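Trainee: I have a new structure to look at today. Could you take me through it step by step?

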Amino acid sequence: MGKQLATEMAPPFNLVAHYMIAGAFFYIVTSFVLPFYADELGGYFVSSTIASLSHLYLLGFVMMIIFGAMYQLVPVILEIPLFSKDFAYIQFYLYLIGLSLMSYAFAHEKFLFLLPYGSLLVYISMLIFTVNIFLTYRNIENWSISAKYIFVSNIFLFIAVSFGVVAAFNLFYGFLDVDILRIVSAHMAGVLIGYVMMTIMGVSLILIPMFSLSHGFDEKPIERGFYFVSIGVVLYMIGALKELFWIEAIGVLGMLISLGLFAYQMWLIFSTRIRKQNDFWAKNMMASFAFFIVSIVIFLFSYLFGLSNLGMFGGYLFFFGFLATMIIGHIYKILPFLVWYQRYSPLVGKQKVPMLNDMVVERVADWQFWITFAGTIVSAFGILFTSGVLFIAGTVVMALSAFLVLYNIYYTLAYRK
Ligand code: HEM
């Protein structure tokens, strides 16, 4: 196949915009329901109530944005067009309905009967996604390290959501005679580390150098990280399912080493950056990696000493500190690029076209960054000290700052020079 310009193979703007707008919508919804979870402080992490929040946030916001970004980036990374755009639209609507049913059913015991239906819709939509990605891979010529990460992460997604469906059916029908926590542990490791983290690791190697203008850095840490994380997730899943503590612990070690190598790789990239200016993107990235390192260290302590409150604190910093900051920082870059490419790229050379940074209100993005940052720290301390007041104060501040994200998304989408 003759090499086309990578961006020419990207899917239509309309498709990616579906996922980005829905992701922003669920970000706002999660921000508004978060303060109402103050009663769960000090309780169990694995519970239907927490599952309603974690799935609303992870499936509605995190995965929605990841899916949209993958449809844009996979053709660029693999240098081949997506197998089917129709699949991607079908996936979107099934996913939207399924995840809404699932989160609602988790939150309301009376509606638990909706859980199997919602789960099945989400499961089918994810199967469509993974099949679409695998069929896209069949013409691949260049197995770059990012391509390897994305491929393996999709295998983990398929396996881990299969565990999720089994756990969901069991919650309603109660047909399994085993400790369901073991299946849920394998599910969590598979989706969070196997899919979300592996995708971020693979894609970061493309996006972070591109936006920070870094090159000439060593890629060995992320290459080694690939083997540690893949083997780590497999061992953890086997250990968790078979109740083999040592296998599970070796799996945790493998995952931790890979996350450490990822942090080191990001440091290598950032230290060779040419663009030294700390704009809203760079601030978001630095904060997100700080949250990442702190949450992993806290998680390690909680695992070693069995401190569940500390685990919830680390998990919160990982979800609402690391993931949210990383994603919002990239929305401010990716969305303007998509709008620019669709609206202004045909005009290049014919008339003056805007710069990408003109399409975001920098002052609003800056305010949003600091307000969200402060809200996240305060609410996280609310979890650590089991203080409802701190948690509510921090999450209300976060909810208000979510409007600033929404404002910038609207500004970018409506931008006309
Ligand atoms: C078809 C898709 C999925 C189904 C059916 C599903 C189902 C479940 C079920 C039944 C539980 C246990 C809840 C409980 O014990 O009350 C659970 C836990 C969990 N799942 Fe999923 N899940 C799915 C996808 C995902 C994805 C994609 C993610 C992350 C990106 C995720 C993250 C989690 C987390 C963090 C937990 C543990 C915390 C908690 O109980 O809230 N799940 N899932």
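Mentor: Let us begin with a term: helices here are DSSP runs of H or I with at least four residues, numbered from the N terminus. Please also keep in mind that this is a predicted model.

Trainee: Understood. Which helices each supply at least two residues of the shell around the ligand?

Mentor: There are four to name: helix 2 (48-78), helix 4 (115-137), helix 5 (145-173) and helix 6 (180-212). Helix 2 gives the most, with eight residues.

Trainee: How many residues surround the ligand, and which are the closest?

Mentor: The ligand is surrounded by 26 residues, and the closest are A51, S119, G164, A167 and V191.

Trainee: What does the shell look like by class?

Mentor: The shell has 19 nonpolar and seven polar residues, and no charged ones.

Trainee: Where does the ligand shell lie with respect to the domains?

Mentor: It lies between domain 1 (1-142) and domain 2 (144-212 + 214-272), because both of them give residues to it.

Trainee: Let us stay with those domains. How far apart are the C-alpha centres of domain 1 and domain 2?

Mentor: Those centres are 17 Å apart. As for contacts, 20 residues of domain 1 meet 21 residues of domain 2.

Trainee: Which elements give two or more residues to the side of domain 1 that touches domain 2?

Mentor: Helix 2 and helix 4 do so. The largest share comes from helix 4, with nine residues. By class, this side of domain 1 has 17 nonpolar residues, three polar residues and no charged residues.

Trainee: A change of topic, then. How many residues has the largest nonpolar core?

Mentor: It has 133 residues, and those with the most contacts inside it are V62, I65, V74, A189, V233 and I331. Helix 2 provides the largest share of this core, 20 residues. Domain 1 (1-142) and domain 2 (144-212 + 214-272) each contribute at least three residues to the core.

Trainee: You mentioned I331. What is I331 in contact with, leaving aside its neighbours within four places in sequence?

Mentor: I331 is in contact with M20, I65 and I409. Of these partners, I65 was also named among the core residues with the most contacts.

Trainee: I would like to ask about T412 too. Is T412 buried or exposed, and why?

Mentor: T412 counts as buried because it has 22 C-beta neighbours inside 10 Å, and the cut-off for a buried residue is 20 or more. T412 lies in helix 12 (residues 388-413).

Trainee: What does T412 touch, not counting residues up to four places away in sequence?

Mentor: T412 touches L335, P336, V339, M359 and V360. In addition, T412 and L356 are 9.5 Å apart in space, C-alpha to C-alpha, while 56 residues separate them in sequence.

Trainee: One last topic: the loops. What is the phi of L213, and where is L213 found?

Mentor: L213 has a phi near 55 degrees, which is a positive value in a residue other than glycine. L213 is found in the loop between helix 6 and helix 7 (220-242). With 11 C-beta neighbours inside 10 Å, L213 counts as exposed.

Trainee: And what about E243 and its phi?

Mentor: E243 is not a glycine, yet it has a positive phi of about 55 degrees. E243 sits in the loop between helix 7 and helix 8 (245-271). E243 is exposed, with 11 other C-beta atoms within 10 Å.

Terms used:
Residues are numbered from 1 along each chain as its sequence is written. This is a predicted model: local features need pLDDT of at least 70, side-chain atom pairs count only at pLDDT 80 or more; totals for chains, interfaces and linings use all residues. A residue is near a molecule or strand if its C-beta atom, placed from the backbone, lies within 6 Å of it. Ala, Val, Leu, Ile, Met, Phe, Trp, Tyr, Cys and Pro count as nonpolar, Asp, Glu, Lys and Arg as charged, and the others, Gly among them, as polar. Domain bounds come from an automatic or database domain assignment. A nonpolar core is a set of buried Ala, Val, Leu, Ile, Met, Phe, Trp, Tyr and Cys residues joined through C-beta atoms within 7 Å. A residue is buried if 20 or more other C-beta atoms lie within 10 Å of its own, exposed if 12 or fewer, and partly exposed in between; C-beta atoms are placed from the backbone. Two residues are in contact if their C-beta atoms, placed from the backbone, lie within 7 Å.
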